[in-house]
Amino acid sequence: MSTKARTRALIAMLFALVLALGLAACGDDGGDTTGGGGGKAIVSNPDNGKVTLTIGSKNFTEQLVLGEIYAKGLEAAGYKVKTDLNLGSEVIALKALQAGEVSGYPEYTSTALTSFFKAAPEDVPSDPQEAYQQSKAEFEKEGLTAFPPTPFASANAVGTLRTTAEELGLEKVSDLEGQSQDLTLYGSPECRQRVDCLVGLEDGYGLQFKSFTPVDIGLRYEVLDKGQADLSILFTTDAQLSAEADKYVILEDDKKVFPAGNVIFVTDQKVVDEAGPDYEKTITQVQSGLTEQVMQELDARVDIDRQEPAAVATQYLKESGYID
Amino acid sequence: MTDAPQLAQVVIHERTGESCIAQNKVFCPGWAIDNFDRYVDPALQQVVLVVVSVALGFAIAFALALLAHRRRWLVPPLIGVTGVFYTIPSLAFFFLLIPISGRGRDTAIIALTAYTLQIIFRNIMAGLANVPREVKDAGRGMGLTERQLLWRVELPLALPEIIAGLRVATVSTVALATLAAFAGGGGLGEEILSNIDFKTGIVIAGGLAILMAFAFDVILIGIQRLLTPWRRAVPA
Amino acid sequence: MSAAPHLPLAGLEIFGQAIEFIFNGQEAPTVSGKVGGLDQVLDLTARHLEVTALAMGLALIVALPAGLVLGHYGRGELVAVAAGNAGRALPELAIIAFMAAAIGVGLLNVTIALAVLAVPPILTNTFVAVRQVDRGAVDAARGMGMTAREVITRVELPLAVPTIMSGVRTSTINVVATATIAPLAGVLTLGDFILARNVYGDDGVLAGAMLVALLALTLELALAGLQRLLTSPGLRDATTATA
């Protein structure tokens, strides 16, 4: 062959190789991957139509999405469903449940154990099943019960800008010792009173901050961006942490003050008796696809893409095959 | 990614943080156009809140004005009581009412209605007071009863002032109705509260509220022109 | 809708609990400490007044001279009057939320946002008030050889006081009302009792509402008194507000 022809052949082979590799690498379009398991479709049971359920949730994105997922899943199973989302913090949500305003809502085992049942953060079991059993036993003392946990777990975390962390040499929370008195901390209003929040930082880590400013949960990243907060309380499943991983960083919780909790659906025992077996079955079914990666993706669709929680819940249920 | 063929899976999008919406810019036109229908229901809820509250407020204020028209001594105490409703911040009013009327639209309407009373009442009284003496005397001279005088002479002449009061009340109520979300009454404020850091969303919701106020103002000016073709519009 | 009983009797009891919250405080709904009590109430009241005063101060510095000058020279009527109408249409929640998201939280930013809300009534009322000053008095003053500045400060301003004060009252009540949602932007005021139900409980919410209402009414009375004081005796007839 002539040099020209050889070169052309080489380029053609390289091209074909790259093409083959490219096709093999991803089955979907640009950069997207898939996560979570496929699900079996939910079957509608006409008997359930006699029961009306009101699904509640707490007041931040992940909770709103979860509430909608449960509500739409139960609807697909044939129940009459109403939603009363965005109730407030865990105390308010529990009150609503106890007052019968909602049939149930999603709670984190860690929050239940530390906020409701006064467990110390270090006593919260790291095994999800153990934490679930412990929470369930405590709830049952009050006529409530809980369904099995989600695959994913979430926890509070002390977060900051990566630049700040590098500047101050922060990798773990205890690195804040000796420095925290010059740093401002921002968190939700109820953070002031929670052991897995400000109280834990003050008692468990012995840290004093220059100031603590309560702001709406929705602003937890804004205050870091604006340079007003040196530190902000974030959630480990926040979309922003993976979408902008080079901007934000969370400090490692070395003294285990911020236990992670899987989500368990807390509900009234009477409602369970009334609603039949499909109640628990549907809840555990629709949540089985919620790995940490999937939950973060759903959070991202609301917090970054600014879609509505209801729409995102429907997308999740459809993409996972629970409804069509 | 997965090791066994699955029925269906959740698509994990790769986000680069480059898009307008990912950067949470002040206004993202693309997103606004795609998602505009999200704001339609809240806007309609707000319209209902405003129309009902102002209509109720007008009805009550008008009844009070009729009452006080021949009993001047009633005016100061009525101004005082309606003034209390006007001075109490709406948010406080909502939460004072909630133990009594619960969360929801009704509470929002009661508070918003109460707020409008003083301005409407005051303007009706001022309008009636501004009717020239000679006109009233002429009317009486023509044999009109006091009642006929009121309805056929005084009120029509007082119309510009009354509508000026309605305009102020309506514009203020539109702005206040954005707070109805705190009382569970819906409206554009709900969109703002549930996405408190979303700049484009705040701009859209706030912008719609401002436009709504402007639209109501224009409509009321039009109504005034229709009802009083002999007068120029009185600046509020 | 809540499941709380709507009977009048139950309502009265709830108000009693709120008063208890104000004076004695209660156990916090969650883990640690007490909430409420007189010192916390007074602290938040002070902060509420602080941000109100700062915002009003800023608004007056901007709007009062502008209104006086524009009114004196009869310029910019469209702007001055339109400002009053437009200002009424501004939704407070959107302003506070936008400022928090776009610029930042904190006292300075909230003060500026509140001042923006406070300017229109002061500007409009000052302008209109100066325009309505008796031309005869102004001419007489000019005839006496006063400079423009002297005319403004010694003749027009004192005569314009009642209407200006009316605008100041309207502005102040608006600012006090909006300061109630300042906690959304990191500035704690009495509104925190209402907004942070997680922290203070239902009794705290009601107590907050009562305190905010009381504060607004008290300020209104005080300002009405101030208006009477500043109105020169020759003018003390009823002047209705234009804004």
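These legends accompany close-up views of a predicted model.

**View 1. Chain C and its elements.** Welcome to chain C, whose secondary structure comes to nine helices and two strands. Follow the chain from its N terminus and you meet the elements in the order α-β-β-α-α-α-α-α-α-α-α. Chain C has 243 residues, and 52% of them count as buried. Take the contacts between residues at least 6 apart in the sequence of chain C: 73% of these join residues at least 24 apart. The accessible surface of chain C comes to about 10400 Å², with 66% belonging to carbon and sulfur atoms.

**View 2. Helix α3 of chain C and its kink.** Here we look at α3(C), a helix of 13 residues covering 77-89. From first C-alpha to last, α3(C) reaches 19 Å, close to the 18 Å expected at 1.5 Å a residue. Look for C:A83, where a kink of about 25° in the helix is centred.

**View 3. The buried residues of α3(C) and their partners.** C:A83 appears again in this view, as one of the buried residues of α3(C). The others are C:A80, C:G84, C:G87, C:R88 and C:A89. Within chain C, the buried residues of this helix pack against α5 (107-131). They also pack against two helices of chain B, namely α7 (146-177) and α9 (199-227).

**View 4. B:V52 in helix α2 of chain B.** Our last stop is B:V52, found in α2 (residues 40-69) of chain B. B:V52 counts as partly exposed because its relative accessibility is 31%, which lies between the 20% and 50% cut-offs. Find B:T113 too: B:V52 and B:T113 are 61 residues apart in sequence, with their C-alpha atoms 8.1 Å apart in space.

Terms used
Residues numbered from 1 in each chain as written. Chains lettered and ligands numbered in written order. Predicted model: local features only at pLDDT ≥ 70, side-chain atom pairs only at ≥ 80, totals over all residues. Heavy atoms only, no water. Helix = DSSP H or I, 4+ residues; strand = E, 2+ residues; numbered from the N terminus. Buried < 20%, exposed > 50% of the residue type's maximum accessible area, 1.4 Å probe, protein only. Contact = heavy atoms within 4.5 Å. Areas by Shrake-Rupley, 256 points an atom, 1.4 Å probe, with all protein chains shown as cover. Expected span 1.5 Å × (residues − 1). Bend = angle between axes of the 7 residues up to and from the residue.
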